[in-house]
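Hi there,

Here is the structure I promised to pass on. Have a look at it first, and then read my notes underneath.

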Amino acid sequence: MRRRIKEIVVEAVEVLYGQKIDTDIVQVQRTRKVFTGDLTIVVFPFVKIARKKPEDVANDLGLYLKNKLDHISSYNVIKGFLNLTFNSEYWLERLNLLHRDFTGSLTLQNPEKVMVEFSSPNTNKPLHLGHIRNNLIGDSVSRILKAAGHEVVRVNLVNDRGIHICKSMQAYLDFDPNGSPEKAGMKGDKYVGDLYVKFDLQYKGQIADLVESGMSEEDAKQKASIMQAAKNMLQKWEAGDPEVHALWEKMNNWVYAGFDKTYAQLGISFDQVYHESETYKSGREIVLDGLKRDVFYKRDDGSIWADLTDDKLDEKIVLRADGTSLYMTQDIGTAVARFENYQLDRHIYVVGNEQIYHFQVLRLILSKLGYAWADKIQHMSYGMVELPEGKMKSREGKVVDADDLIEEMINNSAEMSRELGKLGDMLESEQQNVHRMIGLGALKYFILKVDPKKQMVFNPKESIDFNGHTGPFIQYTHARIRSVVRKAKKMNISVPPMISEDTIMNEKELDLIKTIDQFELVLQEAAQLLDPGMIANYAYELAKDFNHYYHDYSILKAQDGKILQFRLFLADQVSRNLKYAMALLGIDVPEKM
RNA sequence: GGUCUAGUAGCUCAGUUGGAUUAGAGCAACGGCCUUCUAAGCCGUAGGUCCCAGGUUCGAGCCCUGGCUGGAUCACCA
């Protein structure tokens with residue numbers, strides 16, 4: 001409809017004022033609530049062309065549009081704003097159409113193939129709140145892009161090698177050589193994470209002792225025996241030592257088993273999981289080739305560098321003197337492999353904003369190497385989650401653990417549910433399922449409603465709310481509607497397949513239809529801007545509008561059968577939209593709560 | 001020091017191609033509404049120099065310039 005209006009405005013300006021304008025300068029927006037109308041055209045841009053007063057231009061256009069479009073019932077002009085009002089037949093037609101055809105997804109003429117990389121944990125510590133934000137954003141963005149019509153490949157790149165895992169391995173040998181998660185009664189990732197903390201404690205103790213005996217701190221950090229042992233282990237790993245590899249595999253598998261539980265709890269999955277141990281050598285050939293083509297240069301010590309000073313990105317090492325790869329080398333290699341293997345149109349990396357520089361460099365290097373798709377790499381950076389006292393530090397145990405937080409949310413939701421006591425007639429397992437849905441819904445919504453690029457502060461002492469602008473509020477609205485639909489069924493009234501277009505509506509019903517109609521637009525925008533927050537806010541608006549309506553009008557006690565059917569139909573569509581919107585955030589909605 | 005990013009009510013946040021007297025929600029505070037479709041709801045009261053100063057224009061919370069404050073980054077770690 002908007003596009004149609006824009007076209008007609010362009011036409012009108014040409015006919016009335018004799019000048020051809022670009023569609024893009026026509027501004028069509030939803031009319032503000034304080035004014036009457038549905039869509040508003042801003043006429044200021046045409047005032048100079050018409051050489052008339054804004055009011056006159058608006059009136060000219062209004063008349064022209066009204067004659068061209070059947071659906072416009074009236075228009076009014078305030079200053080330079082032309083407000084168009086559509087007749088109720090138009091809105092009822094839209095509602096019927098959406099109810100019949102809309103399934104929560106759109107189709108695109110030119111869908112892109114998009115890879116989304118997210119999660120990407122280290123295997124030496126359990127997932128914490130920061131990872132939850134990453135996972136939820138990555139998951140939601142993937143869902144949104146898919147719903148917007150794109151083809152999405154979700155991937156996870158696990159950092160399973162390096163000095164950090166060797167530290168946990170060394171601590172294992174030193175402190176609990178015959179231990180296992182089973183014996184300790186822990187999740188595997190927790191068990192390995194604890195070893196990492198033990199390593200750090202021991203390491204700090206050794207440094208302190210060495211400094212005590214007169215060594216400089218710098219030296220002490222190098223000479224501490226446990227650190228030397230860990231470095232030694234890394235060398236053995238790189239050399240392919242079978243014993244070290246066996247231990248490495250055993251411990252990583254413990255961690256994966258733990259991660260899998262957390263992912264399952266969060267409802268997150270991947271199409272493909274990569275491991276750095278398999279990819280960390282890649283990119284070397286590409287860099288060497290780039291060196292031949294003078295994209296890079298070699299220093300006297302044999303290391304290879306990219307000179308990015310022209311782009312204010314300094315100089316960056318891309319290959320060590322001994323020929324081994326770095327983080328950057330590996331990312332160059334994997335990007336090339338992925339674009340070539342998957343024929344990607346776009347690659348989104350969901351990674352914290354601390355790595356903005358890294359991705360700028362990556363993109364620039366790829367473009368210097370001549371890859372046409374370099375600008376199709378998109379770093380979706382998000383802000384860190386901080387505690388009131390500052391950054392989370394897993395080494396010092398100052399973290400909000402992912403599993404603990406999820407469990408607490410579910411417990412809180414269960415407690416609240418029991419107090420309200422509305423699920424008495426459900427099986428225990430069904431009740432638990434609802435508690436889970438709501439606890440997770442509260443957590444996910446809490447995180448996703450915030451603009452991803454902003455850093456957020458989480459105070460563990462103040463638990464996440466279940467009232468107000470929250471996930472459960474929306475879930476509750478959905479459950480309420482489903483309850484009404486169930487009651488109707490008992491009265492032998494089912495939701496009609498469509499409603500007649502001459503139904504008389506009140507203002508709130510009209511508003512609801514308009515909000516329902518917004519969904520596609522919001523979805524498109526959210527997909528374009530990669531912002532789950534827009535979806536979250538949309539769902540909230542819709543739920544709030546419905547709750548007002550629900551409060552003011554009774555559905556099942558409507559004056560006559562025709563109105564009852566219409567209201568049921570409308571409510572049903574609201575519940576569907578809420579369900580679709582929440583699904584884009586990875587949140588399930590219950591039938592009862 | 002360079003680069004990037006944020007600053008809106010006591011707290012957490014909306015406010016996107018710059019739009020229309022009165023800048024919106026929620027939480028917290030105070031006061032109302034359950035013999036009526038689910039009160040995890042609804043209504044009301046109170047709460048603001050949109051960090052500051054200039055500029056751009058018909059119009060700025062939004063754009064530009066300069067400052068202030070917080071965060072990130074500028075590693076042969078990933």
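What follows is a short tour, from the overall fold to the RNA and then the salt bridges.

Some ground rules before we start: this is a predicted model, in which local features need pLDDT of at least 70 and side-chain atom pairs count only at pLDDT 80 or more, while totals for chains, interfaces and linings use all residues. Residues are numbered from 1 along each chain as its sequence is written, chains are lettered from A and ligands numbered from 1 in the order in which they are written, and side-chain values use heavy atoms, with hydrogens and water left out.

**Overall**

Chain A contains 21 helices and 14 strands (DSSP runs numbered from the N terminus: H or I of at least four residues for helices, E of at least two for strands). Along the principal axes, its C-alpha atoms fill a box of roughly 90 × 65 × 40 Å. Of the 593 residues in chain A, 52% are buried. Here buried means under 20% relative accessible area, exposed means over 50%, and partly exposed is in between, with a 1.4 Å probe and protein chains only.

**Around the RNA**

There are 69 residues around RNA strand B, and Glu 276, Asp 301, Lys 422, Tyr 476 and Tyr 550 come nearest; a residue counts as near if one of its heavy atoms lies within 4 Å of the strand. Sugar and phosphate supply 60% of the strand B atoms that come within 4 Å of the protein.

The bases take part too, through polar contacts (pairs of N or O atoms within 3.5 Å; within protein, one must be able to donate a hydrogen and the other to accept it, and residues adjacent in sequence count only if both atoms are side-chain atoms). A base nitrogen of RNA strand B is 3.1 Å from a side-chain N or O atom of Thr 40, and a base nitrogen is 3.2 Å from such an atom of Asn 83. At Met 593 the partner is a polar backbone atom, 3.0 Å from a base nitrogen. Among the elements that give two or more residues to this surface are strand 2 (39–42), strand 4 (81–86) and helix 18 (471–490).

By residue type, the surface near RNA strand B has 29 nonpolar, 18 polar and 22 charged residues. In this count Ala, Val, Leu, Ile, Met, Phe, Trp, Tyr, Cys and Pro are nonpolar, Asp, Glu, Lys and Arg are charged, and the others, Gly among them, are polar.

**Salt bridges**

How many salt bridges are there? The count comes to 28, taking a side-chain nitrogen of Lys or Arg within 4 Å of a carboxyl oxygen of Asp or Glu.

Lys 190 pairs with Asp 403, with the closest N and O atoms 2.8 Å apart. This pair links helix 8 (residues 188–212) to helix 16, 213 residues apart, and both Lys 190 and Asp 403 are buried.

Lys 508 and Asp 552 form another salt bridge, at 2.3 Å between the closest N and O atoms. Lys 508 is in helix 19 and Asp 552 in helix 20, so this pair ties together parts that are 44 residues apart in sequence. Lys 508 is partly exposed at 31% relative accessible area, as is Asp 552 at 40%. Shared partners also join Lys 187, Asp 189, Lys 190, Asp 401 and Asp 403 into one network of salt bridges.

Enjoy exploring!
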